[in-house]
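Work through the exercises below with the structure in view. Try each task before reading its solution.

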Amino acid sequence: MKTPIEYIIVAVPFHADAATHDELARKVNEKLNAGYELRGAPFFSKEMMYQAMTRPIIQTSPPPTP
């Protein structure tokens, strides 16, 4: 069976200054420390900047037997 994963998108408001990149980097680093991995490159719209991330979902108990 494949391991289930959790998928999130980290988002920050986009501004044409370095603070946007620093804020996204800070939030992404927090998620990396929590066990997430990067998925692809950052992407953005006119208003937001994003980074997709995933991590395995760790099951604490075995699944029920049918």
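The exercises cover charged pairs, aromatic rings and a surface patch.

This is a predicted model, where local features need pLDDT of at least 70, side-chain atom pairs count only at pLDDT 80 or more, and totals for chains, interfaces and linings use all residues. Residues are numbered from 1 along each chain as its sequence is written, and side-chain values use heavy atoms, leaving out hydrogens and water.

**Exercise 1.** Find which parts of the chain the salt bridge of Arg55 and Glu6 ties together.

Solution. Start with the term: a salt bridge is a side-chain nitrogen of Lys or Arg within 4 Å of a carboxyl oxygen of Asp or Glu. The structure holds four of them. Arg55 and Glu6 form one, at 3.1 Å from N to O. Now place the partners: Arg55 lies in strand 4 (residues 48–56) and Glu6 in strand 1 (residues 5–13), so the bridge joins parts 49 residues apart in sequence. Strands are DSSP runs of E with at least two residues, helices runs of H or I with at least four, numbered from the N terminus. Last, check exposure. Buried means under 20% relative accessible area, exposed over 50%, and partly exposed in between (1.4 Å probe, protein chains only). Arg55 is partly exposed at 26%, and Glu6 is partly exposed at 28%.

**Exercise 2.** Locate the salt bridges Lys27–Glu23 and Glu30–Arg26.

Solution. Take Lys27 and Glu23: their closest N and O atoms are 3.9 Å apart. Both lie in helix 1 (residues 18–33), four residues apart, about one turn of the helix. For Glu30 and Arg26, the closest N and O atoms are 2.9 Å apart. Glu30 and Arg26 also sit in helix 1, four residues apart. Glu30 is partly exposed at 47%, as is Arg26 at 43%.

**Exercise 3.** Classify the aromatic pair of Phe14 and Phe44.

Solution. Rings of Phe, Tyr and Trp (its six-membered ring) pair if their centres lie within 6.5 Å; planes under 30 degrees apart count as stacked, over 60 as edge-to-face, the rest as tilted. The whole structure has two aromatic pairs. In Phe14 and Phe44, the centres are 5.4 Å apart and the planes at 10 degrees, so this pair is stacked. Phe14 is in the loop between strand 1 and helix 1, Phe44 in strand 3 (residues 43–44), 30 residues apart. Phe14 is partly exposed at 27%, while Phe44 is exposed at 58%. Phe43 and Tyr50 are also stacked, with centres 5.1 Å apart and planes at 25 degrees.
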